[in-house]
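Student: Got a minute to walk through this one with me? I'd like to begin with charged pairs and then wander a bit.

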Amino acid sequence: MNPSAPTRGSSLSKQLGLAERMFATPETKRLLSAIEEGLDAVEASLAAELSFTDDLADATSRYLLEAGGKRVRPMLLLLTAQLGEGATDDVVTAAKAIEITHLASLYHDDVMDHADRRRGVPSAHTVWGNSIAILTGDLLFARASNLMASLGEGAIRLQAETFERLVLGQLHETVGPKEGDDPRAHYIQVLADKTGSLIAAAAQAGVIFSNAPAEYEAAVVEYGEKVGVAFQLVDDVIDLSTAPEQTGKVPGTDIKAGVVTLPLLILRERAADDAASAVLLERIERGAKNDDDTADFDLAIAELRAHPATADTLAEAHRWAREAVEALDVLPKGPIKNALTRFADSIVERSS
């Protein structure tokens with residue numbers, strides 16, 4: 001076993017909302033052990049998969065992998081695979097492909113968002129420049145596609161369709177809503193494409209490549225997409241947190257970078273009819289563009305955190321998480337369904 005397995009086991013129990021091993025049922029313990037073993041198999045070969053014929057490519061492609069990560073998508077894939085034959089060789093291959101796809105998207109996202117840090121280290125583009133970071137992301141997408149190709153035509157199609165949605169989500173986020181579009185609906189679709197699509201693909205791949213019953217596939221796809229939207233909505237709230245030592249983010253980082261968030265969108269809606277909201281919006285927008293007035297910007301972000309717009313965002317996140325769980329009605333009762341339910345709950349509990 002990986003030396004980090006005991007720590008991972010505790011973390012895994014927490015992420016899946018399951019009782020610690022001491023109090024878990026034998027069935028739950030077997031589920032946790034199966035997922036841990038699958039994650040060990042994925043982790044053991046991820047670095048080998050990011051081996052190219054060029055020293056620079058090896059260094060850049062492994063940079064964010066070695067920086068850590070929770071491996072949420074492989075974990076979810078291995079969990080839904082327990083509905084079938086478990087962590088087969090094909091399931092492990094798919095889990096690696098999904099995680100590498102996620103890694104690739106991070107390289108591109110950080111360039112697009114001008115992010116300075118990722119996973120506690122300087123972002124790749126700040127180390128090697130934009131061109132190298134983008135090309136590294138391209139290499140990783142290619143490697144993930146190669147892995148999926150080994151699993152057959154259906155896997156290739158799943159990878160291609162997911163990649164298309166990732167790109168469209170980024171494109172639509174970049175250009176913003178068209179005239180006449182509902183900004184909130186546009187934003188939710190961006191989240192579904194940029195985040196929900198890959199989480200849904202992970203859940204779907206677990207069912208497909210473990211030969212689980214086909215009637216579970218649509219349910220876990222809907223679950224994964226809705227969980228992804230809920231995850232990002234909670235991230236919008238975390239961006240406003242006044243406890244950066246817990247979140248790892250400076251309050252208002254996304255807003256400062258020009259990234260649209262739901263609390264800001266709702267504040268704009270309220271500003272049309274509420275003078276106090278209009279004043280707060282003006283202060284935030286002014287502070288986001290002016291680095292010389294950080295004190296008032298920080299204060300405005302704290303006020304947005306306490307504003308009804310943020311409470312509305314949390315309520316929306318809870319609604320998406322609740323609908324994700326409702327999509328699982330077709331799944332059999334037991335620790336797998338319980339874990340998926342608690343995972344969705346844990347997503348929206350992160351803000352507290």
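Tutor: Sure. Keep in mind that this is a predicted model. A good place to begin is the salt bridge between the side chains of arginine 165 and glutamate 225, at 2.8 Å from N to O.

Student: Which helices do arginine 165 and glutamate 225 lie in?

Tutor: Arginine 165 is in helix H8 and glutamate 225 is in helix H10, so the pair ties together parts 60 residues apart in sequence.

Student: What other salt bridge does the side chain of arginine 165 make, this time with an aspartate?

Tutor: The side chain of arginine 165 also meets that of aspartate 193, again a salt bridge with 2.8 Å from N to O. That pair links distant parts of the chain as well: arginine 165 sits in helix H8 and aspartate 193 in helix H9, 28 residues apart.

Student: And is aspartate 193 buried or exposed?

Tutor: Aspartate 193 counts as buried, because its relative accessibility is 8% and the cut-off for buried is under 20%. Arginine 165 is partly exposed, at 23%.

Student: Where do glutamate 153 and arginine 157 lie, and how many residues apart are they?

Tutor: Both are in helix H8, four residues apart, which is about one turn of the helix. Their side chains form a salt bridge with 2.8 Å from N to O. Glutamate 153 is exposed at 57% relative accessibility, while arginine 157 is partly exposed at 42%.

Student: How many salt bridges does a search of the whole structure find?

Tutor: The search finds 20. There is also a network of salt bridges linking Glu282, Arg283, Arg286, Asp296 and Glu303.

Student: Back to H8 for a second. Which residues make the nonpolar patch with Leu171?

Tutor: Leu168 and Val175 join Leu171 in that surface patch, and together the three have about 250 Å² of accessible area. Leucine 171 belongs to helix H8, residues 153-175, and is partly exposed with a relative accessible area of 45%.

Student: New topic: H4. How many of its residues are buried?

Tutor: Ten of the ten, so H4 is largely enclosed by the rest of the structure. The buried residues include Arg73, Pro74, Met75 and Thr80.

Student: What does the side chain of threonine 80 reach, then?

Tutor: The side chain of threonine 80 reaches the backbone oxygen of alanine 203 at 3.0 Å. A polar atom of that side chain also lies 3.1 Å from the backbone oxygen of leucine 77. Threonine 80 is buried, with 0% relative accessibility. Setting aside neighbours within four places in sequence, its contacts include Gly206, Val207, Ser210 and Leu340.

Student: And glutamine 82, where is that?

Tutor: In the loop between H4 and H5. Glutamine 82 counts as buried, at 18% relative accessibility. Beyond its neighbours within four places in sequence, glutamine 82 contacts Leu31, Ala34, Ile35, Ala87 and Ile336.

Student: Which way does phi go at arginine 71?

Tutor: Positive, near 55 degrees, in a residue other than glycine. Arginine 71 is in the loop between H3 and H4 and is buried at 8% relative accessibility. Asparagine 211 has a positive phi too, near 60 degrees. Asparagine 211 lies in the loop between helix H9 and helix H10, but is exposed with a relative accessible area of 55%.

Student: What about H3: how far apart are its end C-alpha atoms?

Tutor: They are 16 Å apart, which agrees with the 16 Å that twelve residues should span at 1.5 Å a residue. At the start of H3, a side-chain oxygen of aspartate 54 comes within 2.8 Å of the backbone nitrogen of leucine 56. After H3 comes glycine 68, with a positive phi near 115 degrees.

Student: What do the buried residues of H3 pack against?

Tutor: Their partners include helix H2, helix H5, helix H7 and strand E1. Among the buried residues of H3 are Asp58, Tyr63 and Leu64.

Student: Last one, zooming out. How many helices and strands are in the chain?

Tutor: The chain has 17 helices and two strands. Buried residues account for 51% of its 352 residues. Of the contacts between residues at least 6 apart in sequence, 70% join residues at least 24 apart.

Note on methods. Residues numbered from 1 in each chain as written. Predicted model: local features only at pLDDT ≥ 70, side-chain atom pairs only at ≥ 80, totals over all residues. Heavy atoms only, no water. Patch = residues over 30% accessible without salt bridge, like charges linked within 9 Å, V, L, I, M, F, W, Y side chains within 5 Å. Areas by Shrake-Rupley, 256 points an atom, 1.4 Å probe, with all protein chains shown as cover. Salt bridge = Lys/Arg side-chain N within 4 Å of Asp/Glu carboxyl O. Buried < 20%, exposed > 50% of the residue type's maximum accessible area, 1.4 Å probe, protein only. Expected span 1.5 Å × (residues − 1). Contact = heavy atoms within 4.5 Å. Polar contact = N/O pair within 3.5 Å; in protein donor to acceptor, adjacent residues only side chain to side chain.
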